[in-house]
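The following report describes one helix, the contact between two chains and the annotated spans of one of them.

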Amino acid sequence: MAARPTALRKTGRVLLYLAMIVAAAGILLPFVWMVISSLKTNNQVFTAPIEWIPDPFRWRNYVDIWIKGDMVTWVRNTMTVSVVVTLLQVVTGSFAAYGFAKTRFPGRDALFLLYIGTIAVPWASYMIPQFQMLSSWGLANTLYSIMLLQAFGAFGVFLMKQYYESIPDSLCEAARIDGLSEYGIWWRIMLPLSVPALASLTIITFVTTWNDYLGPLIYLRDRELWTIQLGLQRFVGDYNAEHALIMTGSVLSVLPIAIVFLLGQRYFVQGIATTGVKG
Amino acid sequence: MATPVVDNPGALGLPHPVPPRRRAPRTSLKVRNALVGWTFVLPNFAGFAVLTLIPVLLLFYYSLTSWNIFGNADWVGLENYQRLVGDRSFHIALGNTFYYAAFHIPLTIAASLGLALLLNQKLRGAAFFRTVAFFPYVTSIVAVAVVWNMLFSPEFGPINQFIGMFVGGELPGWTVSKDWAMPAVIIVGTWRYMGYYMLLFLAGLQTVPTELHEAARIDGAGVWQRFWNVTLPCLRPTMFLVTVMVTIESFKVFDLILVMTEGGPGQATLVLSQYIWQKGFEQFELGYASSVAVVLFLICIGVTVVQFLYNKRRDA
């Protein structure tokens with residue numbers, strides 16, 4: 001009789017593990033299929049039944065893609081934009097967050113509310129006036145437009161403010177009494193203390209910018225300016241029968257982000273959890 | 001004792017007479033502090049104002065003009081909005097946006113909450129599973145759409161091959177069929193975003209006190225009862241946050257549709273964001289597109305405000 005609850009619990013555990021494995025397999029399946037297909041010939045991609053192990057492995061796809069697509073240019077452009085945006089976002093975001101979290105000025109809270117409010121505003125609703133404005137300044141069809149588009153988002157300010165508020169004010173007070181200016185406090189005390197939050201913001205911004213498709217789609221016309229997302233999408237249009245090669249391109253576009261994500265996963269997760277604490 | 005008031009006015013509840021000289025440095029200190037505060041906010045705010053706030057304000061103005069490819073932005077009043085009332089494509093886009101939201105919101109909440117509860121069981125391999133579940137969210141929408149489109153391929157796609165093992169007869173045409181394109185997009189949208197909300201739920205679950213669960217267990221509450229009467233009420237703040245975020249995300253769905261179906265087949269998956277894009281950047285009816293954009297803007301803000309008010313009333 002006493003064994004029943006434990007037996008029941010054991011079956012429960014087994015079922016939970018089973019659920020976890022099935023869910024994980026289901027979620028990962030598209031990626032598995034992507035990698036497998038990238039190593040096939042076109043005719044092998046769609047077969048019934050599915051060929052789970054390519055025979056033979058066609059590594060040549062990973063050479064061909066660099067010739068057929070402008071991968072080098074795309075990666076270079078994407079890298080440039082992502083690095084610049086991340087730098088701008090981290091510096092101006094943490095700077096502004098200090099202003100919101102640790103200094104007082106009239107209108108501060110209203111201003112912050114304005115930032116938060118724009119999180120509910122879809123970019124699609126104001127992309128036309130924004131495009132018009134940037135075009136009139138001659139910035140359309142340049143990489144600068146993409147940099148500007150992404151660099152001043154509300155997210156960075158919000159994330160950093162949440163973190164700064166967890167640092168006690170007494171620390172700033174003590175520094176003020178010791179004669180440090182507000183800028184000094186930001187630079188010498190807040191920045192070093194907020195390294196985990198800065199890491200979160202860096203990795204999240206980098207990944208978002210790398211993955212952005214709509215900005216480049218609207219702003220970048222010239223081939224030599226395309227980012228990897230735009231390039232990949234155009235490649236799909238140009239070679240829509242080259243199933244295997246398209247998968248190869250997809251793998252290559254995901255790979256850098258997969259590496260960055262796996263290395264900095266902890267910060268990524270923490271950053272998202274931080275923004276979720278308060279709402 | 002003759003002049004106590006002068007010696008210590010505060011003791012009698014009278015205000016200290018403030019010497020006028022002291023006042024000047026105090027206000028200047030306040031001004032200085034305010035200026036310092038502004039200098040911190042300014043670099044980011046300048047970019048934010050120019051790239052977000054001003055375009056949002058301009059949007060309302062543009063929606064009242066006949067601005068088109070020839071560049072004449074003549075004031076036309078509410079003409080664009082009158083045109084919206086009779087525009088069938090706009091109605092379809094509006095309907096599809098709500099169609100997507102109506103399924104994407106509950107599905108994503110259920111899936112992400114389920115994943116979070118599973119992860120919270122402290123099973124071995126949970127860290128790996130968290131990575132897996134979150135991975136779709138960090139991969140690029142283009143790669144995701146390309147892969148899913150192939151998976152959904154009606155004849156030899158893996159998904160239909162799988163379904164075909166269990167069901168006979170006609171299989172769904174997915175992205176090439178008018179009836180199945182939207183379900184396909186909803187499935188991919190849910191698959192992509194559930195890992196993100198799972199993280200929020202997981203953070204929320206850490207705040208549920210274990211004593212409550214223990215007490216309920218001793219009182220003989222089953223798994224389901226404990227979930228319904230302990231976990232869910234404790235998760236209310238997180239649930240609210242997630243609901244607001246998923247709702248906004250649903251109504252602004254754009255890139256997913258654009259890369260998966262381009263709104264097709266026909267107009268089966270045309271949504272508001274994409275209609276703005278079509279009208280504005282393909283047909284250059286910028287004034288008219290702006291009026292569609294105003295509608296999208298108002299829906300998103302409106303839904304968010306309603307949710308906040310509702311949450312406040314339940315709190316009260």
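In this predicted model, helix H8(B) carries a kink of about 35°, which is centred on Met194(B). Helix H8 of chain B runs over residues 181-205, and because its 25 residues, at 1.5 Å a residue, should span 36 Å, the 35 Å that separates its end C-alpha atoms agrees with the expected value. H8(B) is also mostly covered, with 22 of its 25 residues buried.

Between the two chains, the contact draws on 70 residues from chain A and 69 residues from chain B. On the side of chain A that touches chain B, the most is given by helix H14 (residues 243-278) of chain A, which supplies 13 residues. By residue class, this side of chain A divides into 50 nonpolar, 17 polar and 3 charged residues.

For chain A, an unreviewed UniProt entry places the feature "transmembrane region" at residues 14-36, 79-100, 112-131, 143-164, 185-207 and 244-263. The UniProt annotation "domain: ABC transmembrane type-1", likewise from an unreviewed entry, covers residues 75-264 of chain A. The table sets out the computed make-up of some annotated spans.

| Span of chain A | Helix | Strand | Distance between end C-alpha atoms |
|---|---|---|---|
| residues 14-36 | 100% helix | 0% strand | 30 Å |
| residues 112-131 | 75% helix | 0% strand | 25 Å |
| residues 75-264 | 79% helix | 0% strand | 21 Å |

Residues 14-36 of chain A, which UniProt lists as a transmembrane region, are thus 100% helix in the model, while residues 75-264 of chain A, the span of the annotated domain, are 79% helix and have end C-alpha atoms 21 Å apart.

Technical notes
Residues are numbered from 1 along each chain as its sequence is written. Chains are lettered from A and ligands numbered from 1 in the order in which they are written. This is a predicted model: local features need pLDDT of at least 70, side-chain atom pairs count only at pLDDT 80 or more; totals for chains, interfaces and linings use all residues. Two residues are in contact if their C-beta atoms, placed from the backbone, lie within 7 Å. Helices (H or I, at least four residues) and strands (E, at least two) are DSSP runs, numbered from the N terminus. Ala, Val, Leu, Ile, Met, Phe, Trp, Tyr, Cys and Pro count as nonpolar, Asp, Glu, Lys and Arg as charged, and the others, Gly among them, as polar. UniProt positions are given in the numbering used here, feature names are shortened, and annotations may be inferred rather than shown by experiment. The expected span of a helix is 1.5 Å times one less than its number of residues. The bend at a residue is the angle between axes fitted to the seven residues ending there and the seven starting there. A residue is buried if 20 or more other C-beta atoms lie within 10 Å of its own, exposed if 12 or fewer, and partly exposed in between; C-beta atoms are placed from the backbone.
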